[in-house]
Amino acid sequence: MTSFIRPAADGDAEAISAIYNPYILNTCITFEEQCVTAVEMAERIRLTQAAGLPWLVAGEGSQVLGYAYAAKWRLRPAYRHSVETTVYLSPAAMGKGFGTQLYSALIGLLRQQNVHAVIGGIAQPNEASVALHEKLGFCKVAHFPQVGFKFDRWLDVGYWQLNL
C-alpha cells in the first residue's frame, strides 16, 4: 500500500518520465512513440495544474511509484465538466493496490471540482486497466476499432465513463 499520495511537483518529473517511458518504448498502452524528457514532463505537469486539474503521485518512502492526472476532455466550453483521466504505475507498484488508491484519490479530488464525467481511454487489450476502471464504477461506453497504429499493427481503443 502507498505511504503517500500528493500533488506532483516539478521535482517529480524525472521519476514520472522514468515510469512512463518504458510504456512508450515497449507497449501499446500509450500511443506516444517518442520518450518524454523530464523537462517536457515538468511542463505537462505545470500546464495541467495551471488549468486547475489535479496531477497526483504515489509512492513509498521518497520513491514515486505511480501517477495519475486529469485533462480536459475536449476544448469546447460545453465539455467543461468532463475530463479524461490517466494512471500509470511502475512495475514495482503493480498488484499492490497503488492503482486503486491513486485513482480513487484522483476521483475524490474531481468530485470536489464540479467535474461531472470522468472518461478513461484504454488501448485494447488491457485487462488490468479495464478491471481497475470497472472496480471503481466506470462503465464501457465506446469502442473504436483500429484508430491507432503502433509497432506495425492497428489498435483499438475503448472508453469507460464514470459520472460523479
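The dialogue below goes through salt bridges, exposure and a surface patch in this predicted model.

Student: Why is the pair D12 and R6 called a salt bridge?

Tutor: The closest N and O atoms of D12 and R6 are 2.7 Å apart, and the rule asks for a side-chain nitrogen of Lys or Arg within 4 Å of a carboxyl oxygen of Asp or Glu, so the pair qualifies.

Student: How do you know whether D12 is buried or exposed?

Tutor: The relative accessibility of D12 is 7%, and buried means under 20%, so D12 counts as buried. Its partner R6 has 29%, which lies between the limits of 20% and 50%, and R6 therefore counts as partly exposed.

Student: What makes R44 and E32 a link between parts of the chain?

Tutor: The side chains of R44 and E32 meet in a salt bridge with an N to O distance of 2.8 Å. R44 lies in helix α2 (residues 38-50), whereas E32 lies in the loop between α1 (13-26) and α2, so the pair ties together parts that are 12 residues apart in sequence. As for exposure, R44 has 32% relative accessibility and E32 has 24%; both values fall between 20% and 50%, so R44 and E32 each count as partly exposed.

Student: What is the sequence spacing of R46 and E43, and where do they lie?

Tutor: Both R46 and E43 lie in helix α2, three residues apart, which is about one turn of the helix. Their closest N and O atoms are 2.8 Å apart, and since the limit is 4 Å, R46 and E43 form a salt bridge. By this rule the count comes to three salt bridges.

Student: Why is K140 called partly exposed?

Tutor: The relative accessible area of K140 is 42%, and because partly exposed covers the range between 20% and 50%, K140 belongs in that class. K140 has its place in strand β6, and, leaving aside residues up to four places away in sequence, K140 touches G158, Y159 and W160.

Student: What makes the approach of K140 to H143 a polar contact?

Tutor: The side chains of K140 and H143 come to 3.0 Å, and the limit for a pair of N or O atoms is 3.5 Å, so the distance satisfies that part of the rule, and the pair is listed as a polar contact.

Student: Which residues form the nonpolar patch on the surface?

Tutor: The patch is formed by F31, F144 and V147, with about 270 Å² of accessible area together. One of these residues, V147, lies in strand β6 (residues 139-150).

Definitions and conventions. Residues are numbered from 1 along each chain as its sequence is written. This is a predicted model: local features need pLDDT of at least 70, side-chain atom pairs count only at pLDDT 80 or more; totals for chains, interfaces and linings use all residues. Side-chain values use heavy atoms; hydrogens and water are left out. Buried means under 20% relative accessible area, exposed over 50%, partly exposed in between (1.4 Å probe, protein chains only). Helices (H or I, at least four residues) and strands (E, at least two) are DSSP runs, numbered from the N terminus. Patches are made of residues with over 30% relative accessible area and no salt bridge: like charges are joined within 9 Å, nonpolar side chains (Val, Leu, Ile, Met, Phe, Trp, Tyr) within 5 Å. Accessible areas come from the Shrake-Rupley method with a 1.4 Å probe; for residues, only the protein chains shown count as cover. Contact means heavy atoms within 4.5 Å. A polar contact is a pair of N or O atoms within 3.5 Å; within protein, one must be able to donate a hydrogen and the other to accept it, and residues adjacent in sequence count only if both atoms are side-chain atoms.
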